[in-house]
Amino acid sequence: MKLYNGGKIIAGIVVFLIAATFPFWYGRGKAVRPPDLKLDTPVIQQLKEKLCVEPAPYMRANHMKLLTVWRDAAVREGNRSYTAINGRVYTISLTSTCLECHSNKKQFCDRCHNYAGAKPACWNCHIIPEEVR
Amino acid sequence: MLEKALTGSRGYGIWVALLLTLAAIGFFFYLRQLNYGLGITGMSRDVSWGLYIAQFTFLVGIAASAVMLVLPYYLHDYKAFGKITVLGEFLAVSAVIMCITFVLVDLGQPGRAINLLLYPSLRSVLFWDVIVLNGYLLINIVTGWTVLGCEKKSIPPPAWVKPLIILSIPWAISIHTVTAFIYAGLAGRSFWLTAIMAPRFLASAFASGPALLILFCLILRRFTRFDAGEQAIQTLAKIVAYALATSIFFVLVELFTAFYSQIPGHMQHLKYLFAGLEGHNAIAIWMGVSAVTAMVALILLMIPQTRQREPFLVVACIGVFLSLWIEKGLGLVVTGFVPSPLERITDYTPTGPEWAITGGIWALGLLLITMFYKIFVSVKKEA
Amino acid sequence: MAPTRRDFLKIAGFSAISLALPPLPSLAAAKAGMPSASDLFARSPGPLQPLKAKRWAMAVDAGKCPPGCRDCIAACHRVHNVPAFGNPKDDVHWIGAERVEDVFPAETHPRLPESIRALSIPVLCNHCENPPCVRVCPTQATFKRADGIVMMDYHRCIGCRFCMAACPYGSRSMNYRDPRPFIPKLNPDFPTRTKGVVEKCNFCEERLARGVLPACVVACREKALTFGDLEDPGSDVRRVLERGFSIRRRPELGTGPQIYYRL
């Protein structure tokens with residue numbers, strides 16, 4: 001079997017491979033430290049036990065899914081009450097419930113989102129209370 | 001076969017570069033629209049659809065018109081169209097791609113377009129339009145490409161192609177019917193609420209599409225060695241004449257119902273469209289041009305002596321295309337919104353960026369047609 | 001994938017201990033009392049006593065509307081962060097004030113007394129029984145709830161504006177550009193919209209959930225707006241409708257509008 005235009009094809013493949021793997025070798029050896037999230041807001045400090053709606057490890061991994069469930073429950077089903085696994089009942093509200101404790105959006109939400117390169121569109125509409133009051 | 005679109009004469013290169021430039025300008029302004037919002041266009045609270053959706057509507061017609069070649073050839077064995085059915089199919093492919101692009105640029109939140117498929121609403125005509133348009137695109141890509149590929153190898157097309165082509169005939173009717181239903185099912189917009197909307201759409205489509213195809217055939221004859229044949233072109237011209245006459249007839253029928261019944265809600269939109277309301281007559285001036293052009297074109301196409309002479313035929317076809325573009329690509333959509341449900345008369349004037357984006361999408365479509373036809377001509381030359 | 005009960009059970013061990021602990025401060029605050037119905041910005045941050053109905057409806061006693069009064073509009077737009085663009089092209093509004101011959105072109109005539117022709121009629125989403133906007137929406141971004149409220153899910157709207165073409169009342173507005181900079185004073189308790197989505201009146205669904213009446217109803221000093229359950233013979237709205245003849249906008253279209261006008 002003869003490879004036609006072999007030079008061009010191989011050159012093309014090489015260019016592609018270099019471009020595709022660029023982020024890996026460019027960032028090799030450089031480690032960016034994970035951000036330090038600030039949890040000491042006045043409201044959180046008043047809590048006897050520092051507990052989110054669901055346990056922290058779960059929230060860390062799944063808060064976006066939980067927020068999607070909350071969003072659909074509130075907007076589409078008109079249900080604004082959430083019963084956590086431990087039986088506590090919370091009002092479904094991003095700005096009233098979540099941000100009541102995590103009132104330091106910049107130190108809490110943004111640090112990690114910036115680190116992970118996540119750009120949630122929440123704040124296009126939802127208002128950050130600390131920025132208005 | 002694709003590589004045949006990459007090489008060509010100097011003129012071909014300049015033409016492609018021109019289209020790419022226009023598309024790039026359109027893309028630049030689209031980025032600005034993404035940043036600013038749809039407010040960059042002339043659309044408003046009262047006139048909430050404009051040039052984009054009107055272009056979409058017009059181009060669905062161009063896409064559907066391929067059936068005017070496919071049907072005589074495959075159902076009636078009309079041999080003269082044998083050489084050009086693929087041209088019709090490629091025109092359909094390009095037109096559908098333009099349609100989809102126009103719908104996308106019209107979305108306020110294009111990043112969420114996938115919601116159409118994630119949360120489909122079977123009661124929405126728009127959902128069905130997305131389905132039929134994409135289906136039609138697929139059918140025409142597959143059939144056009146397969147048939148051309150077989151021509152290149154000088155073998156008959158595989159047997160499975162023919163049922164698919166036959167399927168494309170009712171499918172072509174469906175895309176324009178469903179598109180008409182977007183308008184014709186809205187209780188609150190009396191201008192669109194007419195049972196002959198779909199027939200009207202089809203009639204104007206079968207005039208504008210074949211008129212464009214005649215122009216393409218004449219261009220191919222002048223600049224390449226491909227000749228569609230006088231018989232095919234003349235038959236297409238007759239199809240344009242009949243379809244244009246039907247289209248004009250349908251508009252007159254609408255005018256009769258509105259103005260003989262004297263129902264104000266039905267008359268006011270048509271008054272706005274053809275005469276203007278309270279001094280708002282920008283659209284009416286365009287429609288005057290459209291009406292005159294359509295009548296002149298119809299006369300040129302009806303008289304054999306003019307129809308058979310190329311210069312007159314060219315003028316007639318440009319006239320048909322222009323007239324129906326004004327009627328469907330501008331007037332039909334905007335007039336549905338004027339006056340508004342609260343009796344307001346709001347003028348709609350497309351803005352510069354809106355024209356640039358529209359021009360960019362047309363350039364993209366013409367580029368696709370150019371490349372398809374280049375491949376087609378190269379294959380024909382070899383065969 | 002949305003988290004399920006089972007996902008939570010897996011992590012139940014983490015939280016078992018907290019069962020005995022007191023609830024969050026927000027819950028405690030909520031029990032302190034219901035917000036007063038007359039307060040436009042009534043807040044209540046916890047579990048609440050929502051107002052519920054089989055079929056929400058509104059009666060507009062347009063004859064009571066003083067000339068030039070825009071209290072209901074101002075309250076609605078203030079509470080819902082509706083932007084004020086100041087031009088008809090970008091205009092977004094949930095409630096409008098219109099002349100009677102524009103609202104009821106088929107029901108009015110030139111010999112009506114000046115007192116009626118001078119009226120300024122509040123127009124808003126009719127929360128139709130059979131809403132054309134819901135029928136045409138390709139993504140179910142607009143939908144009708146069991147209690148009759150026609151809702152918008154601003155998270156899902158793709159901005160195709162089919163609903164605006166379908167609405168026979170001109171009740172819908174498109175965010176042709178980012179509305180945030182054009183909101184005179186932000187109300188932190190309600191989101192704004194993002195550019196590229198369609199918006200409209202939501203019958204103050206978020207207030208009903210907190211047990212307070214719609215902002216326009218509360219704001220109207222003339223008591224021209226009455227809100228209630230159409231299916232409940234004892235409701236305020238039914239009492240107003242009992243009083244005499246009332247009409248709806250373009251009922252011949254079969255949409256079943258739920259704003260009833262007395263002129």
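**Exercise 1.** Determine what joins chain A and chain B, and how far apart their closest C-alpha atoms lie.

*Solution.* Begin with the criterion: two residues are in contact if their C-beta atoms, placed from the backbone, lie within 7 Å. No contact joins chain A and chain B. Their closest C-alpha atoms lie 11 Å apart.

The model is predicted; local features need pLDDT of at least 70 and side-chain atom pairs count only at pLDDT 80 or more, while totals for chains, interfaces and linings use all residues. Residues are numbered from 1 along each chain as its sequence is written, and chains are lettered from A in the order in which they are written.

**Exercise 2.** Identify which of the two pairs of touching chains has the most contacts, and describe the side that chain B contributes.

*Solution.* The pair with the most contacts is B and C. Here, 32 residues of chain B meet 40 residues of chain C. Next, consider the elements of chain B: α5 (115-118) and α6 (125-152) each give two or more residues to this side. Helices are DSSP runs of H or I with at least four residues, numbered from the N terminus. The most comes from α6(B), with three residues.

**Exercise 3.** Compare the span of helix α2 (residues 51-64) of chain B with the expected span, and state how many of its residues are buried.

*Solution.* The expected span is 1.5 Å times one less than the number of residues. For the 14 residues of α2(B), 20 Å is expected, and the helix reaches 20 Å from its first C-alpha to its last. A residue is buried if 20 or more other C-beta atoms lie within 10 Å of its own. In α2(B), 14 of the 14 residues are buried, so the helix is largely enclosed by the rest of the structure.

Conventions:
Nonpolar A, V, L, I, M, F, W, Y, C, P; charged D, E, K, R; others polar. Buried ≥ 20, exposed ≤ 12 C-beta atoms within 10 Å, placed from the backbone.
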